[in-house]
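This briefing introduces one structure to a reader who has not met it before. It covers strands, a helix and charged pairs, in whole sentences grouped by topic.

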Amino acid sequence: MNRPNAIPLFYVDDIVALKSDPAARPGTVLRVHLNPDDFEADPHFDPSRNLAPDEVEVSFNALPPLPPKVYKQHELNLVDRSFVPGDAVVDVNDRSRAGTVISVAQSVDLRDLRNNKNSLQGVDYRELKSAYPFLTTGTPVFKDEFVGWIHHADRLLCRVKFSNGAEGDIPMHVLERVAKIQYEDGRKHSDNPEDDEEPPLLEPGMVILIPRDTPSFVVKWTPTSASTTVGNGFGLITDLLCTELEVQWVESSLPDHALVSWPSPVTKYADLTLLECTTPFSLGSCVQFTNARNPGLYRVSSVTTKVTVQWQDASVTTDMPVTSVRIPLVMDDSLVWPGDIVWNRMGELVQVDDIDDLKVGVAQSVDAVQRIAIVRWFNADWSVLGEPTTVSLLEISAHPNFVLDLMSKVLVPGNRTNKDYTWFGELTAIHLDGTRTFRLGNGKEAVLRFDQVAPMTLPAMGPDGEDGPVMWGDDGWMDEEVMDGDGLSIDGDSDREYDDEDDHDSVHSDAEDGDEPMPSLDPPDADMSANDQSTEPMSESDATAVAPEEQGKEVEPEQVSVHVDVNDADVGDKFEVLEESDDIPFHYSSPTPMSAALMRAIRKEHALFANLPDGILVRSFADRMDLLVVLVFGPLDTPYARCPFLFEIQFPADYPNSPPKVYHVNKSGGRLNPNLHEDGKLCLSLLGTWSGVGSESWNPATSTILQLLVSVQGLILIKEPYYLEPGFMKFTKTEDGEANSRAYSERTVILSVKNMISLVDRPPVYFKDALYAYYSVHGKDLIAWARSHLDAQPDQFTEGAKIMLRPVVERLEKVVAKVEKEAREAPSHEESFAS
């Protein structure tokens with residue numbers, strides 16, 4: 001295997017300086033090669049915007065900021081790195097050592113925006129506050145019994161001091177149309193034709209030029225203004241004023257939301273109380289001192305940051321230079337962290353059928369390399385924590401009702417009758433005994449148990465939005481559908497903006513259901529630039545059965561080369577029409593009304609099944625011609641090797657004008673593949689469950705069921721399924737990507753064997769003979785393959801995965817023994833397979 005690519009030198013929001021002029025002004029990295037905003041599956045993605053692996057886009061600090069420019073990494077030095085509490089980091093010298101930033105120390109240099117000659121150095125950021133918190137989307141605001149997020153600042157005014165001594169307030173939207181902005185190098189906006197397309201945002205400290213004949217009624221002159229004319233039109237923006245805010249109201253302390261009269265989304269700024277968050281500042285931020293004795297307005301011109309990190313083993317390192325940690329390209333989302341509330345359910349690996357078997361505890365430490373954790377479990381009523389216990393990371397997960405990151409916003413049901421906003425809080429510290437520290441709406445701190453608060457979610461805009469505000473339950477808790485949903489958690493980063501819309505809604509038809517979008521398996525030339533293609537792709541032998549450039553294309557059997565060993569087992573014909581489907585519990589229980597046109601289309605599909613590749617079996621029924629059942633055996637040299645995958649396919653009434661409906665019968669208890677959901681959904685552009693383009697979408701004239709089945713076997717059941725996650729193809733051959741891919745494949749091996757055990761132990765009647773025939777021959781091969789993982793070195797298969805695989809292998813041996821026993825006791829039974 002080729003060595004992974006070197007770790008990127010820079011990340012978005014890094015502060016850098018030119019090596020050729022280190023004393024010059026610093027700049028902020030806007031984009032890098034692996035920028036998550038360059039989402040390859042987005043149909044609006046512009047490949048021309050992609051950067052080469054050694055390129056970054058930087059805007060250098062100025063008023064206004066200088067236009068972005070692309071630099072080579074070797075031309076830049078790292079000056080500082082932006083972090084906030086809750087950020088995940090890894091040690092730059094040891095990728096396996098991951099942790100969470102729990103506090104930040106930052107000193108800043110300041111430039112006085114009203115007196116250019118005045119500057120301050122080394123100011124502790126905790127002495128400062130944002131001068132314009134109303135510009136930060138997501139800042140919490142209160143009004144009466146309501147809390148909401150700032151959505152947008154309306155009717156902003158710019159206070160301008162003109163060269164003739166006049167001073168007045170001008171609506172920002174007016175200035176944006178008429179003002180020319182003077183750059184620090186003397187240029188004015190519009191001197192460069194490209195500037196006309198997107199003028200810089202107006203902010204204090206900018207020198208502007210407006211027409212001398214600007215009507216006086218446009219300007220509201222201040223009482224101390226020396227004139228009521230703009231003079232020669234040159235002026236300095238000295239302040240921003242806000243009159244109204246568009247607020248996204250999300251919660252009320254009142255018990256009956258149905259009877260609540262919600263505030264207007266557009267609210268006077270003076271009527272609101274803001275919960276200002278003390279977070280580190282970014283380069284160029286406008287700030288003021290919290291001490292009113294210094295009323296100046298300053299701009300951050302330089303920052304120096306240190307972080308305190310809690311590592312996954314629960315150790316803490318204080319005052320680390322930010323250059324000693326880095327941002328992981330992509331984290332393994334199955335990991336848990338010290339202090340997390342966990343339960344003995346992984347979805348992916350453990351099915352807990354009896355509610356009495358559920359346990360809840362607190363993670364104490366994590367060994368991410370060997371994928372084990374130390375957990376203290378609560379007793380039955382969650383009142384006492386037990387002794388530390390070592391468990392596999394693959395048998396636990398963060399309890400979905402209690403997932404909170406630092407700076408998350410919460411509701412405190414026990415305080416909902418209080419008038420001082422103590423029913424709202426922000427998480428500031430996580431403890432190993434299940435308690436958390438919160439900064440409440442009244443500014444005071446409180447230590448509360450994890451089950452005394454409810455995570456806040458972001459609803460649709462306004463109380464009348466589709467999702468509505470988060471509701472209190474009758475018991476003072478949150479309603480069940482809110483607690484179990486997949487709503488977006490607000491992480492409260494007051495210096496970063498978030499989108500309140502799902503970026504994937506327009507590209508994934510299932511985004512409305514709360515599912516993560518799945519990759520379209522589109523070819524790289526459809527959604528990746530030449531720069532991305534220059535990174536060596538996974539080869540057929542090194543990654544998938546089909547090269548990435550073929551993924552998503554219409555596939556014929558001869559194009560796919562997969563290795564399955566079914567020929568030496570008498571599994572019957574590849575395609576058969578069985579007599580009856582009576583008493584078989586299908587997912588698609590309601591037949592499609594049959595028509596002559598539909599019957600003709602179905603017969604055409606049946607004729608194509610003469611070309612089924614090895615490892616795919618199809619059955620239909622004389623009394624349910626609208627239905628197919630399919631068994632696909634996983635290709636060798638993949639985490640799915642020799643394991644069966646069962647599908648139901650139903651022809652719609654207007655087939656082939658509409659694609660077929662496909663259901664994956666998942667018996668594993670988890671998600672086997674990014675494209676095979678736990679609820680049975682198969683995500684594939686060919687089916688319209690992921691947005692494809694051109695030939696990747698269902699084509700009534702050329703698309704077939706055979707093509708669909710070959711795609712499942714050759715493009716989904718692959719060696720490294722992790723990279724089928726949306727946008728993850730760009731992480732191939734990176735250290736982070738390969739580590740996460742190994743972890744994903746470990747989980748997939750266990751899930752695949754569990755799925756096989758369930759299907760063979762209680763086989764569907766229409767595939768029982770085929771399954772028994774196959775595993776009477778290859779059951780021992782599957783056992784040997786599974787046991788080879790138990791004997792593998794820790795860097796190939798971790799101890800945590802082995803803990804989970806051992807009992808699965810024991811169950812596998814019993815199932816195979818049962819199959820072999822039946823084969824021995826009924827030797828003539830093999831002859832019935834062909835019939």
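Leu411 stands opposite Ala454, a residue of strand β32. The model is predicted, and the points below start from the sheet around that pair before turning to a hairpin, a helix and the salt bridges.

**The five-stranded sheet**

- Strand β28, residues 409-411, pairs with β32 in the antiparallel sense, and two bridges connect them.
- These strands belong to an open sheet of five, ordered β31-β30-β29-β28-β32, with antiparallel pairing.
- The edges of the sheet are β31 (445-449) and β32 (454-455); each has a single partner strand, so one side of each is left without a neighbour in the sheet.
- In general, side chains of a regular strand alternate between the two faces of the sheet.

**The hairpin of β25 and β26**

- Strand β25 covers residues 372-378 and strand β26 covers residues 385-392; they run antiparallel and are joined by six bridges.
- One bridge pair is Ile374 with Thr390, the latter in β26.
- Six residues lie between the two strands of this hairpin, and Trp382 takes a positive phi near 60°.

**Helix α9**

- Helix α9 runs over residues 799-825, and its 27 residues should span 39 Å at 1.5 Å a residue; the C-alpha atoms at its ends are 39 Å apart, so the expected and computed values agree.
- The helix has a kink of about 30° at Leu805, shortly before the proline Pro807.
- Leu805 is also one of the buried residues of α9, among them Gly800, Ala801, Lys802, Met804, Val808 and Val809.
- Further along α9, the buried residues include Leu812, Val815, Val816, Val819 and Glu820.
- The cover over the buried residues of α9 includes both strands of the hairpin, β25 and β26, together with helices α7 (735-761) and α8 (768-790).

**Salt bridges**

- Side chains of opposite charge can pair when their charged atoms come close.
- Across the whole structure, the search finds 24 salt bridges.
- One of them links the side chains of Arg114 and Asp239, with 3.5 Å from N to O.
- Arg114 lies in the loop between β7 (94-112) and β8 (119-124), while Asp239 is in strand β16 (residues 234-252), so this pair ties together parts that are 125 residues apart in sequence.
- Arg114 counts as partly exposed because its relative accessibility is 40%, whereas Asp239 has a relative accessible area of 17% and is therefore buried.
- Another salt bridge is formed by Asp736 and Arg326, whose closest N and O atoms are 2.8 Å apart.
- Asp736 is part of helix α7 and Arg326 is part of strand β22 (residues 325-326), so their pairing ties together parts that are 410 residues apart in sequence.
- Asp736 is buried, with a relative accessible area of 0%, and Arg326 is buried as well, with 3%.
- Arg449 and Asp451 also meet through their side chains in a salt bridge, at 2.9 Å from N to O.
- Arg449 is partly exposed at 24% relative accessibility, and Asp451 is partly exposed with a relative accessible area of 24%.
- Elsewhere, Asp54, Glu55 and Lys72 are joined into one network by salt bridges that share partners.

Note on methods
Residues are numbered from 1 along each chain as its sequence is written. This is a predicted model: local features need pLDDT of at least 70, side-chain atom pairs count only at pLDDT 80 or more; totals for chains, interfaces and linings use all residues. Side-chain values use heavy atoms; hydrogens and water are left out. Two strands pair if DSSP finds at least two bridges between them. Helices (H or I, at least four residues) and strands (E, at least two) are DSSP runs, numbered from the N terminus. The expected span of a helix is 1.5 Å times one less than its number of residues. The bend at a residue is the angle between axes fitted to the seven residues ending there and the seven starting there. Buried means under 20% relative accessible area, exposed over 50%, partly exposed in between (1.4 Å probe, protein chains only). Contact means heavy atoms within 4.5 Å. A salt bridge is a side-chain nitrogen of Lys or Arg within 4 Å of a carboxyl oxygen of Asp or Glu.
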